[in-house]
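Visitor: I would like to learn how to read a few features of a protein model. Please take them one at a time.

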Amino acid sequence: MKRLHGMELFAEVAKTHSFSRAAATLGVPTSTVSRHVAELERSVGLRLLNRTTRRVELTEAGRLYFERCRRIVAEAEVAHEELRGQLEVPSGPLRIHVSAAYAMDAMLPALAAFGKRYPDIRFHMSLAGAECGDRAPEPCDVSLRFGELSDSSQIARRLGMLHARLYASPDYLASRGAPGRPSDLERHDCIGLRTGGGQAAPWPLQRQEEQFLVSSVHRYCVDDAGMAERLAVLGAGIAALGGDLSRRLQAGELVHVLPAWSLRPIAVHAVTETRLLPAKTRRFIDFLADYLNPAAA
């Protein structure tokens, strides 16, 4: 049991690259983490970590040991959680990484609703642009990925699809006129969302079997959906937005543009490091799947 505890502490240090952050996550003193890791190194007879004043890095032996440890610790955590009955009341920190800040805006209502259902879960969220690739740059329990995955070896579950449509303010449309067909957008001020290459992503529009790609240079290029929404409300142009905009529509701040057309849906995936997931992570993934597929819930 003592060795398993040391492995758990070591694995957390390896993931966070910090004794203090590992201690904060696990709720123990930093000195306890340092002592147990040192004892673990003595027991295996090899240095597992290179320590500097700014960062902690794995040695070659440490990387090999970490790959084994994290699987053992994950299995032990799930077994312990089942015995404690946490399957009934999930709790503890849930570390979520989101690959695209602009797509996360549409998911915020689901996060708020999940937090109300499980008040004992603490959320640690990390946002990063699409340029970070399909791998989370920080340790996490689950990563939300938008679009198709480039790495088929990842442990992933497809949760559903995000849908977006075009919106603008009544003032903008009164001054510029409402587009009657997708090609008219070329002559409008469009508010684009920036991709990893720094350019605004094109708008792949569809109406039943018809498709049209709007690839013009957008006048505004942002990387946050909230900013795009606010610009549209202020009359800056036409924006592609997802999520719940019912309040904006009811207040007359936004109206649908080309209502018969919508953007091609974006796939949402939950990516994890292991299939052995604690209750808090499983419940979160299941909740998002129900949110994205209300008819099947």
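Guide: We will go through the overall make-up, one helix in detail, and then the aromatic rings. Keep in mind that this is a predicted model.

Visitor: How many helices and strands does the chain have?

Guide: There are 10 helices and 15 strands. Of the 297 residues in the chain, 42% are buried. Among contacts with a separation of 6 or more, 73% join residues 24 or more positions apart. The chain exposes about 16000 Å², and 50% of that comes from carbon and sulfur atoms.

Visitor: How do I read a single helix, and which residues of H3 are buried?

Guide: Begin with its length. Helix H3 covers residues 30–44, which is 15 residues, and spans 22 Å from its first C-alpha to its last, close to the expected 21 Å. Its buried residues are Thr32, Val33, His36, Val37, Leu40 and Glu41. Viewed down the axis of H3, these buried residues fall within an arc of 165°, so they line one face of the helix.

Visitor: What follows H3 in the chain?

Guide: Gly45 comes after H3, with a positive phi near 80°. For H8 (residues 225–233), the buried residues are Ala225, Ala228, Glu229, Leu231, Ala232 and Val233. Just after H8, Gly235 has a positive phi of about 85°.

Visitor: By what is a pair of aromatic rings described?

Guide: Two values serve: the distance of the centres and the angle of the planes. In this structure there are 5 aromatic pairs. Take Phe114 and Tyr118: their ring centres are 4.9 Å apart and their planes are at 50°; planes under 30 degrees apart would count as stacked and over 60 as edge-to-face, so this pair is tilted.

Visitor: Is Phe114 buried or exposed?

Guide: Phe114 has 0% relative accessibility, so it counts as buried. Tyr118 is also buried, because its relative accessible area is 14% and the cut-off for buried is under 20%.

Phe114 also pairs with Phe287, and that pair is edge-to-face, with 5.3 Å from centre to centre and 65° between the planes.

Visitor: Where in the chain do Phe114 and Phe287 lie?

Guide: Phe114 is in helix H6 (residues 108–117) and Phe287 is in helix H10 (residues 279–292). They are 173 residues apart, and the pair links distant parts of the chain. Phe287 is buried, with a relative accessible area of 13%.

Visitor: Which residues do the ring pairs link into a cluster?

Guide: The cluster consists of Phe114, Tyr118, Phe123, Phe284 and Phe287.

Methods. Residues are numbered from 1 along each chain as its sequence is written. This is a predicted model: local features need pLDDT of at least 70, side-chain atom pairs count only at pLDDT 80 or more; totals for chains, interfaces and linings use all residues. Side-chain values use heavy atoms; hydrogens and water are left out. Rings of Phe, Tyr and Trp (its six-membered ring) pair if their centres lie within 6.5 Å; planes under 30 degrees apart count as stacked, over 60 as edge-to-face and the rest as tilted. Buried means under 20% relative accessible area, exposed over 50%, partly exposed in between (1.4 Å probe, protein chains only). Helices (H or I, at least four residues) and strands (E, at least two) are DSSP runs, numbered from the N terminus. Contact means heavy atoms within 4.5 Å. Accessible areas come from the Shrake-Rupley method with a 1.4 Å probe; for residues, only the protein chains shown count as cover. The expected span of a helix is 1.5 Å times one less than its number of residues. The arc is that of the directions from the helix axis to the C-beta atoms.
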